Amino acid sequence: MKDYKLLTPGPLTTTATVKQEMLFDHCTWDDDYKKITLKIRDQLLELAHVRAEQYTVVLMQGSGTFGVESVITSVIGENEKLLIVANGAYGKRMKDICEHARINHEIIEFAENENPSAVAVAEKLDEEKEITHVAIVHSETTSGILNDIESVAKVVKERNKVFIVDAMSSFGGVDIEVGKLGIDFIISSANKCIQGVPGFSFVIANKNLLLASRGKARSLSLDLYDQWETMDKDGKWRFTSPTHVVLAFSKALDEMLEEGGIAARSKRYYDNNRLLIEKMAEMGMKSYVDLAYQGPIITTFYYPEGKEFAFSEMYDYIKARGYAIYPGKLTTAQTFRIGNIGEIYEADILNLCSIIKDFLAEVA
Ligand SMILES: *Cc1c(COP(=O)(O)O)cnc(C)c1O
């Protein structure tokens, strides 16, 4: 099969050296293997700018949603209530998780190209005193918007609520001061900005709140506290761990530090993204999110005016020339998406845009 690079928000294109790590079949009981898990947890604390006295890290088998579901179903008690702040599909997925697990919740929704208003969140919290937890998505991958979690964090912490952030598609690609913002549970996964392969998610947790959640979980496999309790002893996972994925992730973290950490990676992603938006605009393709709110991860584009084609036609044309793009996910407009994270550089963006230019000339 012809290889192509992924312009999708995860899984994404990884380095050959990250993929190579997976050629080793590691034993889960082995001390060398357990040390890798401990090393990963330390590195994640550092990337989050937090210390082991206040925060801890839990790795959880499964994709990113398993991590979000683990937190929501493990830390919100019977007599507590979650406020979900949503402006896209991933916000709404948290509501879905609550409905499945019968967790008290309420949702406050904003348009998909609108930044959630901290003022509206504050009003809601003042109206409904029974709300104990607030959850929000940082980079809403539905549209590509980067939500202003700082202003929401402020009103949440002023009211002493527990703050949960789905930073799935931003952690590692956008610097987040987890401790300073008072984020209590932040969730991401192996196959996004750290540039590993899919197979587990991770949660950076306020240690006291994690300890206080003991016994609250609705699910055995997704019990965040139990997972942590086992892992914190010596790095051994509860139940079979995705050994190959763990090795690849450890390598991906090292490569990220070699690249220059979050600062360098974030700059590369922003440069890719702004170049893409500029080149697409030159071809008459406008982006959906205002540039002031546009994140560096993925961009939603409107179809160009006056051209008639199906997404699959454009997808196949581009795929045959070495890249895979993403369909739109908006409820309100016909769009498609292009991600620019992973092993993607300026040359790829320029290459892609010239392929799209050729495609548009053919469908004219
Ligand atoms: C990728 C992603 C998830 C998790 O999706 P999975 O398909 O379960 O990995 C959750 N939230 C956001 C914002 C994401 O981008």
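The legends below describe close-up views of a predicted model.

**Figure 1. The whole chain, with 13 helices and 14 strands.** The C-alpha trace spans about 60 × 55 × 35 Å along its principal axes. A compact globule of 364 residues would have a radius of gyration near 21 Å, and the value for the chain, 21 Å, agrees with this. Of the 364 residues, 57% count as buried. The chain exposes about 15,200 Å², of which carbon and sulfur atoms supply 51%. Among contacts with a separation of 6 or more, 71% are between residues 24 or more positions apart.

**Figure 2. An open sheet of seven strands with mixed pairing.** The strand order is S2-S10-S9-S8-S5-S3-S4. Strand S2 (55-61) and strand S4 (105-109) are the edge strands, and each pairs on one side only. On average, neighbouring strands of this sheet are turned by 20 degrees against each other, with direction ignored. Strands of a sheet pair through backbone hydrogen bonds, either parallel or antiparallel.

**Figure 3. Strand S9 and its two partners, S8 and S10.** Strand S8 (residues 162-166) and strand S9 (residues 185-189) run parallel and are joined by three bridges. Val 165 has Ile 186 as its bridge partner in S9, and Asp 166 has Ile 187. With S10, strand S9 pairs in the antiparallel sense over five bridges. One residue pair there is Phe 185 with Ala 205, its bridge partner in S10.

**Figure 4. Burial of strand S9 on both faces.** Five of the five residues of S9 are buried, so the strand is largely enclosed by the rest of the structure. Phe 185, Ile 187 and Ser 189 lie on one side. Ile 186 and Ser 188 lie on the other, and both sides are covered. Phe 185 is thus shown here as a buried residue, in addition to being the bridge partner of Ala 205.

**Figure 5. Helices H2 and H6 against the sheet.** Helix H2 (residues 31-47) lies across S2 and strand S10 (200-206). The direction of H2 is at about 125 degrees to S2, which is an edge strand. Helix H6 (residues 149-158) packs on the sheet and touches strand S5 (133-137) and S8. The direction of H6 makes about 160 degrees with that of S8.

**Figure 6. Lys 192 in the loop between S9 and S10.** UniProt, in an unreviewed entry, places the feature "modified residue: N6-(pyridoxal phosphate)lysine" at Lys 192. Is this residue buried or exposed? Lys 192 has 10% relative accessibility and therefore counts as buried, the cut-off for burial being under 20%. Leaving aside neighbours within four places in sequence, Lys 192 is in contact with Pro 9, Leu 12, Met 168 and Ser 169. The two strands that flank the loop are the antiparallel pair of Figure 3.

**Figure 7. Strand S11 paired with strand S14.** Strand S11 (residues 298-302) is joined by five bridges to strand S14 (residues 335-339), and the two run antiparallel. Within this pair, Thr 299 stands opposite Ile 338 of S14. Four of the five residues of S11 are buried, so S11 is largely enclosed by the rest of the structure.

Definitions and conventions: Residues are numbered from 1 along each chain as its sequence is written. This is a predicted model: local features need pLDDT of at least 70, side-chain atom pairs count only at pLDDT 80 or more; totals for chains, interfaces and linings use all residues. Side-chain values use heavy atoms; hydrogens and water are left out. Two strands pair if DSSP finds at least two bridges between them. Axes are lines fitted to C-alpha atoms, for helices over the stretch in contact, and angles run from 0 to 180 degrees between N-to-C directions. Contact means heavy atoms within 4.5 Å. Buried means under 20% relative accessible area, exposed over 50%, partly exposed in between (1.4 Å probe, protein chains only). The radius of gyration is taken over C-alpha atoms; the globule rule is 2.2 Å times the number of residues to the power 0.38. Accessible areas come from the Shrake-Rupley method with a 1.4 Å probe; for residues, only the protein chains shown count as cover. UniProt positions are given in the numbering used here, feature names are shortened, and annotations may be inferred rather than shown by experiment.
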